[in-house]
Amino acid sequence: MAATYDIAMKNKDSQEDSSAPIVAVKELRKSFGSRMVLNGISLSVTRGETLAVLGRSGTGKSVLLRLIIGLETPDSGSACIYGQDIAGLALDRLGEIRKKVGFLFQHAALYDSLTVAENVAFPLEHHRRDLSGSERDDKVKQLLAEVGMEGDLQKMPSEISGGMQKRVGLARALALEPEILLLDEPTAGLDPISSGEINDLILTLQRERQMASIVVTHDLLSARTIANSLALLDQGKVVIEGKFEDLQQSDIGFVKEFLRQS
Ligand SMILES: Nc1ncnc2c1ncn2[C@@H]1O[C@H](COP(=O)(O)OP(=O)(O)OP(=O)(O)O)[C@@H](O)[C@H]1O
Ligand SMILES: [Mg+2]
């Protein structure tokens, strides 16, 4: 109860001060064995803002998102949501915060033995016990319609393409009407038209719900389209953070090379 109250109060504070970061990462460091993956990363997002995190394969973008929701613990530094250090939270408080976070895993991570509809219903069954069965079914249909998957309710994940799995994963991430959205490669594996549709959807969500979003992507066009700011990672550091134009005007060799290859 106390945890819920604390978070509600922090929400209230951050809504009053729209410049307060909702997610704030400070000097985050993480190694696996002798391999240093993140070497002092600092980033933040406020309400209504979308930050795109770019970087080559293996630079630690997925690890960064996993640290933010407490699936990994940092060696040092902090990842805070509503000012609360995720690594230091007891499980019940972490659970309260996670309810406010919609997370799309890089490989969609649908439950193989559940249908598309059951996958999206899953968080509602666990966290929205106030809904009746038919209200839940309606909500599932509405969420799947938002991502253009309303015709595939009874299919199994193995029967749909990777891109379609991503869309179902996105519908599931949105089920609890999150205030924070963490998307790991939402357009990877999608054809340009489907990618464009996902970008439009993210933009609409941002406009309507004013979430704080972090989107990891290889897709520079997608990043330009959906993000207010872009951060490019390399060798465990943020090489540059700014608007797309800032990246274009940068003299840093790595930034020029990254833009040239993308
Ligand atoms: N649990 C883990 N144990 C050991 N090493 C890990 C673990 N998770 C990630 N790594 C390593 O950390 C590095 C960064 O991984 P990460 O998945 O974050 O890269 P990425 O930037 O998301 O790459 P991609 O663009 O290919 O998805 C990789 O070298 C990876 O092998
Ligand atoms: Mg990744």
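Which residue follows H2, and what is the sign of its phi? Helix H2 is followed by Gly70, and the phi of Gly70 is positive, near 80°. Good morning, colleagues. Before going further, I should say that this is a predicted model. I shall start from helix H2 and the ligand, continue with the two sheets, and end with the core and one residue of helix H9.

Let me begin with H2 itself. Helix H2 covers residues 61-68. Six of its eight residues are buried, so the helix is largely enclosed by the rest of the structure. The buried residues of H2 are Lys61, Leu64, Leu65, Arg66, Leu67 and Ile68. Please note that a lysine and an arginine, Lys61 and Arg66, are on that list. As for its surroundings, H2 lies across strands S1, S2 and S4, and runs at about 120° to S1.

Which element gives the most to the shell around ligand 1? That element is again H2, with three residues. The residues that surround ligand 1 are Phe32, Val37, Gly55, Ser57, Gly58, Thr59, Gly60, Lys61, Ser62, Val63 and Gln106. By character, the shell around ligand 1 consists of seven polar residues, three nonpolar ones and one charged one.

I turn now to the sheet on which H2 lies. Four strands form this open sheet, with antiparallel pairing and the order S2-S1-S4-S5. Its edge strands are S2 and S5, the latter being residues 84-85, and each of the two pairs on one side only. Strand S1, residues 23-32, pairs with strand S2, residues 35-45, in the antiparallel sense over eight bridges. Within that pairing, Phe32 stands opposite Arg35 in S2. Phe32 is also one of the residues around ligand 1. S1 and S2 form a hairpin with two residues between them, and in its turn Gly33 has a positive phi of about 60°. S1 is also joined by five bridges to strand S4, residues 76-81, and these two strands run antiparallel. There, Val25 has Ala79 in S4 as its bridge partner.

The other sheet is also open, but it has six strands and mixed pairing. Its order is S6-S7-S8-S3-S9-S10. Strand S6 (101-104) and strand S10 (237-242) stand at the edges with a single partner strand each, so one side of each is left without a neighbour in the sheet. On average, and ignoring direction, neighbouring strands of this sheet are turned by 15° against each other. Helix H6, residues 162-174, packs on the sheet, where it touches S6 and strand S7 (180-184); the direction of H6 makes about 170° with that of S6.

How do the strands of this sheet pair? Strand S3, residues 50-55, pairs with S9 in the parallel sense over five bridges, and Leu51 stands opposite Ser229 in S9. S9, residues 229-234, pairs with S10 in the antiparallel sense, also over five bridges. Between S9 and S10, Leu233 stands opposite Val238, while Leu232 has Ile240 as its bridge partner. S9 and S10 form a hairpin with two residues between them, and Gln235 in the turn has a positive phi of about 50°.

Next, the core. In soluble globular proteins, nonpolar side chains tend to be buried together. The largest nonpolar core here has 66 residues, of which Val120 and Ala171 touch the most other members. H6 gives the most to this core, with six residues. Leaving out residues up to four places away in sequence, Val120 touches Val140, Leu143, Leu144, Val168, Ala171, Arg172 and Ala175.

Finally, is Leu247 buried or exposed? Leu247 has 25 other C-beta atoms within 10 Å, and the threshold for burial is 20 or more, so this residue is buried. Leu247 belongs to helix H9, residues 244-248. Apart from neighbours within four places in sequence, the contacts of Leu247 are Leu230, Leu232, Ile240, Gly242, Val255 and Leu259. Two of these names, Leu232 and Ile240, have already appeared as bridge partners. Lys30 lies 217 residues from Leu247 along the chain, and the C-alpha atoms of the two are separated by 26 Å. That concludes the presentation, and I thank you for your attention.

Terms used. Residues are numbered from 1 along each chain as its sequence is written. Chains are lettered from A and ligands numbered from 1 in the order in which they are written. This is a predicted model: local features need pLDDT of at least 70, side-chain atom pairs count only at pLDDT 80 or more; totals for chains, interfaces and linings use all residues. Two strands pair if DSSP finds at least two bridges between them. Axes are lines fitted to C-alpha atoms, for helices over the stretch in contact, and angles run from 0 to 180 degrees between N-to-C directions. Two residues are in contact if their C-beta atoms, placed from the backbone, lie within 7 Å. A residue is buried if 20 or more other C-beta atoms lie within 10 Å of its own, exposed if 12 or fewer, and partly exposed in between; C-beta atoms are placed from the backbone. A nonpolar core is a set of buried Ala, Val, Leu, Ile, Met, Phe, Trp, Tyr and Cys residues joined through C-beta atoms within 7 Å. A residue is near a molecule or strand if its C-beta atom, placed from the backbone, lies within 6 Å of it. Ala, Val, Leu, Ile, Met, Phe, Trp, Tyr, Cys and Pro count as nonpolar, Asp, Glu, Lys and Arg as charged, and the others, Gly among them, as polar.
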